[in-house]
Amino acid sequence: MNKRSHSIAFWAGVAVFLVAVLAMTQIVRNEYPFFAGYVILQFIALAVAWSILGGYAGYVNFGTNAFFGVGVYTAVSLFKATGAPLVVQIAVAGLIGMLLGFAVGLLTLRMRGIFFSIATIALAIIIETCVMNWRFVGGAAGIQLQRPPVMAPFDSYVKMLFFVQAVLAVIAVVISRYIQNSRIGRGLQALRDDELAAECTGVPTLKLKLVACMISGALISAAGAPAAMYLQYADPSSAFNLNYSVSALAMALIGGTAHWIGPVLGAILLGSTQQLLAVTISSEVNVLVLGIMLVLFVVGAPKGIIGLLRPRYRLRAGGKP
């Protein structure tokens, strides 16, 4: 399959997926599939966004929960202050996430390895502490939210959020795929392999890392914006929960970071397993399962699901079969 055929197949798949999601919201009456599906789609967006900096550039970011929480509280503050519609909340959350990514990148991306990872953990703690003392959005006790009337053609707000999260997941995948196949992606992969050598050959490493951090931050914050309306409640300990960082990292590593579809596969596998366990056993075992699967893949398949599939389907880092 040549590049043009591959691109047509990709966009046809995107169109079929969105039409299927929209049709599902019109046909299925039971709302539980939409509650569970929303979480899986949210993790797809988070894992794909994380992989742009953590996978392509090799900078392990533990601050996913910071960007996610910023998205949640941007939406909460906008809704409480102005009653802004959901699309505006998501757009502003993405913009603020991008600006935060730029600021954090300037301060931390000169660090490498464990020092960068520790700095991103500190970022989440600092922002969570600020929100806990922000009384306008409820402080440490959190805030209850009343959903506005649902928009046509949806008959339920949860179904509308499910469709919105599907669109956000598609946007994240499209951007990640574009970056992987562009000069930005090739530059990020070069600095991941050997940053010093990349600098010596003229690759603008700091500029590329900043771009990756800004895009990753914008996508994570945008994915977090609908979460407050999904739960009808927001509090700092939930919005800035470290579980978001660990899950996004684990899903990307389990799926494989060498190809844009890796985090998608990892999020579907792990997210579906967690939802199934939450229904059949208990949500408390989710972290245990996540840890076990992460250890199994790190030991048995360090390149993730993509590494297992590559010999059969000839997936290359450039995204061409």
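Two exercises on aromatic pairs and the nonpolar core of this structure follow, each with a worked solution.

This is a predicted model, in which local features need pLDDT of at least 70 and side-chain atom pairs count only at pLDDT 80 or more, while totals for chains, interfaces and linings use all residues. Residues are numbered from 1 along each chain as its sequence is written, and side-chain values use heavy atoms, with hydrogens and water left out.

**Exercise 1.** Work out how the rings of Phe-35 and Tyr-230 are arranged, and which helices they lie in.

Solution. Begin with the rule that rings of Phe, Tyr and Trp (its six-membered ring) pair if their centres lie within 6.5 Å, and that planes under 30 degrees apart count as stacked, over 60 as edge-to-face and the rest as tilted. A search of the whole structure finds eleven aromatic pairs. The centres of Phe-35 and Tyr-230 are 5.7 Å apart and their planes stand at 55°, so the pair is tilted. Next, Phe-35 lies in helix 2 and Tyr-230 in helix 10 (residues 227-231), so the pair ties together parts that are 195 residues apart in sequence; helices are DSSP runs (H or I, at least four residues), numbered from the N terminus.

**Exercise 2.** Find which helix gives the most to the largest nonpolar core.

Solution. A nonpolar core is a set of buried Ala, Val, Leu, Ile, Met, Phe, Trp, Tyr and Cys residues joined through side-chain atoms within 4.5 Å, where buried means under 20% relative accessible area (1.4 Å probe, protein chains only). The largest such core has 99 residues, and Ile-44 is one of those with the most contacts inside it. Helix 2 (residues 32-54) gives the most to this core, with 15 residues. Finally, Ile-44 touches Ala-169, Val-264, Ala-267 and Ile-268, not counting residues up to four places away in sequence, where contact means heavy atoms within 4.5 Å.

How values were computed: Buried < 20%, exposed > 50% of the residue type's maximum accessible area, 1.4 Å probe, protein only. Helix = DSSP H or I, 4+ residues; strand = E, 2+ residues; numbered from the N terminus.
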